[in-house]
Amino acid sequence: MRLQAVESRLSRTVARYERVLANVADGIYGLDADGRVEFVNPAAARMTGHPADEQLGLDQHELLHAVRPDGSPYPKAECPVWRALRTGRTMASDDEVFWRADGTPVPVELIAVPTVEDGAVTGVVVSFRDLTDRLAAQRQAAELQRLAEAAAAQRALSDRLQQALLTPPPEPDHLHIAVRYRPAAHEAQVGGDWYDAFLQPDGATMLVIGDVVGHDSTAAAAMGQLRGLLRALAYDNDEPPSATLTRAEHAARGLAVSNLATVVLARIERRPDVPVAGPRVLRWSNAGHLPPVLLAPDGTTTLLETRPDLMLGVDPDAPRTDHTAELDDGATLLLVTDGLVERRDADLDEGLATLREALRDLGRVPLEELCDTLLARVLPADGADDVALVAVRVYPEDRPRPPEAGPNRLPPGLA
């Protein structure tokens, strides 16, 4: 009676463990002292593709494990399962392959625990886990890391190039020039936005805002080349901005700078026949770019809209036109790139309207504060595009530069 009770308890215990082994996610093999299959749980049959009843009595190594991924033989003596059988020590590996019935490899990690009775190894229990999804995730993570590092390196290179080229503007006595450049929030989104401001030998102020098509280091390099061309060609002559753009485009084509770009080239000058106390003249040419914005002290804004000429890089002989507007004392001129006003969920007109509304109470705010406030109001934190901004505040020429504008900053030859 007592023996029957013990056998009954053992039977229930065995049945309980069999139910557990039948429902675990890991594959479980029970092998005899010769490495032949005595037990296969459903997970092992599912992962290997071999039905459990067809595996019983077979050499597990020969069935699943005898060939390496490169096709070379995998000797039993090197297999952790066989070593566990021969040494009586637990063996583990995270770099094994079982071969499915259809010939596809299953990367696995396994642990082989020998069973010992009266000091002799009578078998081994092998628990293994399919690593296919984990390894795929690791490869994906490594690729994402590689792409992120490549993007960061490209971004750092482009940022260094842009920062080296986007130099501080001059500060003539009668103008205050403030500039801003904000890179795109996404690391890979680097591009060719640029600004420039410099004085001609006669004291006229040249302004440039531009955007090379593209968002990579190639666009940033093309930006540097175009910026240099425009600066060199515009520095020492008083030709109209349209003529300078045409010459720059011919030079760019001849020098194989073939990228498309939008540009506004402008000059703030004085008419010879107008007294010093009179308004200055803004003369500009627009190659497919956003229009300049003129902000009056009372907050009124005017878009200096004209029919834009063809962008650079399409036809060097395309006709280009010049436009003029008067700049009264106290007025603020803004040149911006499209990253400040274009959004995926809104058209350009809405973006320009938002820009003008953001300027409504900034007409008399100091220029540096105006720039920072405008960017904070209009530019989203996760901006998808670079932003360049040039703002110019006009002061009377017959009195000293106001303190809010800071000190003069002129090239040595014009100091």
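What follows is a short exchange about the empty spaces and the nonpolar core of this predicted model.

Visitor: How do you know that there is a cavity to speak of?

Guide: The count takes in cavities of 30 Å³ or more and comes to 1. The largest cavity holds about 50 Å³. Its lining consists of Leu31, Gly35, Asp59, Gln60, His61, Cys79, Val81 and Trp82. Helix 4 (60–65) and helix 5 (80–87) each give two or more residues to that lining.

Visitor: Why is the largest one called a cavity and the other space a pocket?

Guide: A 1.4 Å probe fits in a cavity but cannot get out, whereas a pocket is an open set, so the two names differ. The largest pocket has a volume of about 310 Å³. Among its 23 lining residues, Gly288, His289, Leu290, Asp338 and Glu342 lie nearest the centre. Strand 7 (192–199), strand 8 (205–212) and helix 9 each give two or more residues to this lining.

Visitor: What makes up the lining of the largest pocket by residue class?

Guide: The lining of the largest pocket has 8 nonpolar, 9 polar and 6 charged residues. For the largest cavity the division is 4 nonpolar, 3 polar and 1 charged. Asp59 is in the cavity lining, and Asp counts as charged, so Asp59 belongs to that class.

Visitor: What makes the largest nonpolar core a core?

Guide: Its members are buried and joined through side-chain atoms within 4.5 Å, therefore they form one set. The core has 25 residues, and Leu374 is one of those that touch the most other members. Helix 10 gives the most, with 6 residues. Leu374 touches residues including Leu334, Leu340, Leu355 and Leu359, leaving aside those up to four places away in sequence.

Methods
Residues numbered from 1 in each chain as written. Predicted model: local features only at pLDDT ≥ 70, side-chain atom pairs only at ≥ 80, totals over all residues. Heavy atoms only, no water. 1 Å grid on protein atoms, 1.4 Å probe; cavity = no way out; pocket = protein on both sides within 12 Å on 5 of 7 lines; lining within 4 Å. Points joined across faces, edges and corners; volume = space filled by probe spheres on them. Helix = DSSP H or I, 4+ residues; strand = E, 2+ residues; numbered from the N terminus. Buried < 20%, exposed > 50% of the residue type's maximum accessible area, 1.4 Å probe, protein only. Contact = heavy atoms within 4.5 Å.
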